[in-house]
Amino acid sequence: MIGVLETQRLWLKHLTVEDVGGALEMFTDPAVMTYVGDVMSEDAIRAEMAVWIKRGGDGCIGIWSVLDRATGECYGSVFLLPIPIDVDDTDWDDVVPGVMPDGDVEIGFILKRSAWGRGYATEVCSRLLRFAFEETPLTEVVATLYDENVASQRVLEKCGLTYRGRRRAYADDDCPDWRISRDEPLA
Ligand SMILES: CC(C)(COP(=O)(O)OP(=O)(O)OC[C@H]1O[C@@H](n2cnc3c(N)ncnc32)[C@H](O)[C@@H]1OP(=O)(O)O)[C@@H](O)C(=O)NCCC(=O)NCCS
């Protein structure tokens with residue numbers, strides 16, 4: 001399929017409004033949202049889908065849906081998006097078709113609870129980094145997360161990102177600064 005990224009077990013496909021079922025399962029689950037944000041209402045999720053499907057660059061900036069190759073089941077999503085600096089959420093005005101963002105691009109991943117513990121986050125994060133460095137102009141990808149989110153830190157480590165100290169992001173001067181550049185080895 002054109003535009004679809006494959007891994008051994010999974011497909012990564014550009015998010016569409018048809019993926020609302022996966023979003024509902026994740027963003028209404030308090031366990032999933034512990035280190036992501038407030039639990040969302042079904043109405044809010046349905047309204048946000050129109051924004052979440054926006055893509056920047058030549059389609060290389062945005063959200064991908066993570067699907068099981070064998071069954072088509074949606075496990076969650078992974079993204080490359082401009083990291084917000086002075087606001088506390090993604091600024092979707094910075095996601096512009098045909099234009100690469102000026103600032104850092106972050107990688108992130110969210111899976112529904114039943115998909116945790118099977119190595120899927122590492123599998124999709126590694127694949128998206130390979131895409132970023134082999135098929136887009138990006139020379140560096142960053143990540144930030146709550147210090148308590150040890151499972152996600154482990155995913156970043158396994159994918160080859162390293163901790164560089166603290167940085168400003170999400171309107172906070174004390175966010176962990178994880179990054180990997182094009183010339184560093186992908187794990
Ligand atoms: C974080 C998340 C993506 C991990 O997905 P996953 O597919 O289970 O991750 P993986 O299996 O690839 O790797 C997880 C690693 O963390 C480890 N881990 C999991 N829970 C842990 C914990 N409480 N303490 C320490 N390590 C932990 C696992 O053992 C594994 O490491 P290992 O391979 O060395 O054993 C998933 O739990 C999730 O979606 N959480 C909610 C959303 C979120 O926090 N997203 C990140 C912020 S953007």
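**Labels and their cut-offs**

Student: Why does Tyr-170 count as partly exposed?

Tutor: Tyr-170 has 15 C-beta neighbours inside 10 Å. Buried means 20 or more other C-beta atoms within 10 Å of a residue's own, exposed means 12 or fewer, and partly exposed lies in between, with C-beta atoms placed from the backbone. The value 15 falls in between, so Tyr-170 is partly exposed. The model is predicted: local features need pLDDT of at least 70 and side-chain atom pairs pLDDT 80 or more, while totals for chains, interfaces and linings use all residues. Numbering starts from 1 along each chain as its sequence is written.

Student: What makes Ala-171 count as exposed?

Tutor: Ala-171 has 12 C-beta neighbours inside 10 Å, so it meets the exposed limit. Ala-171 sits in the loop between E7 and E8, where Tyr-170 is also placed. Strands (E, at least two residues) and helices (H or I, at least four) are DSSP runs, numbered from the N terminus.

Student: What sign does phi have at these two residues?

Tutor: Positive: near 50° at Tyr-170 and about 60° at Ala-171. Neither is a glycine. Most residues other than glycine have a negative phi.

Student: Why is Thr-136 called partly exposed?

Tutor: Thr-136 has 18 C-beta neighbours inside 10 Å, which means that it falls between the two limits. Thr-136 lies in the loop between helix H4 (120–135) and strand E6 (140–143). Leaving out residues up to four places away in sequence, Thr-136 touches Gly-57, Cys-60 and Phe-131. Contact means C-beta atoms, placed from the backbone, within 7 Å.

Student: Why are H1 and H3 called oblique?

Tutor: The axes of H1 (residues 20–27) and H3 (residues 42–52) cross at roughly 135° and come within 10 Å. Under 35 degrees is roughly parallel, over 145 roughly antiparallel, 65 to 115 roughly perpendicular, and the rest oblique. The angle of roughly 135° is in none of the named ranges, so the pair is oblique. Val-20, Ala-23, Leu-24 and Phe-27 of H1 meet Glu-42, Ile-45, Arg-46 and Met-49 of H3.

Student: How do you know that the chain agrees with a compact globule?

Tutor: The rule is 2.2 Å times the number of residues to the power 0.38, with the radius of gyration taken over C-alpha atoms. For 187 residues a compact globule would be near 16 Å; the chain has 15 Å, so the two agree. The C-alpha atoms fill a box of roughly 35 × 35 × 35 Å along the principal axes. Buried residues make up 30% of the 187.

Definitions and conventions: Contact = placed C-beta atoms within 7 Å. Axes fitted to C-alpha atoms, helices over the stretch in contact; angles between N-to-C directions.
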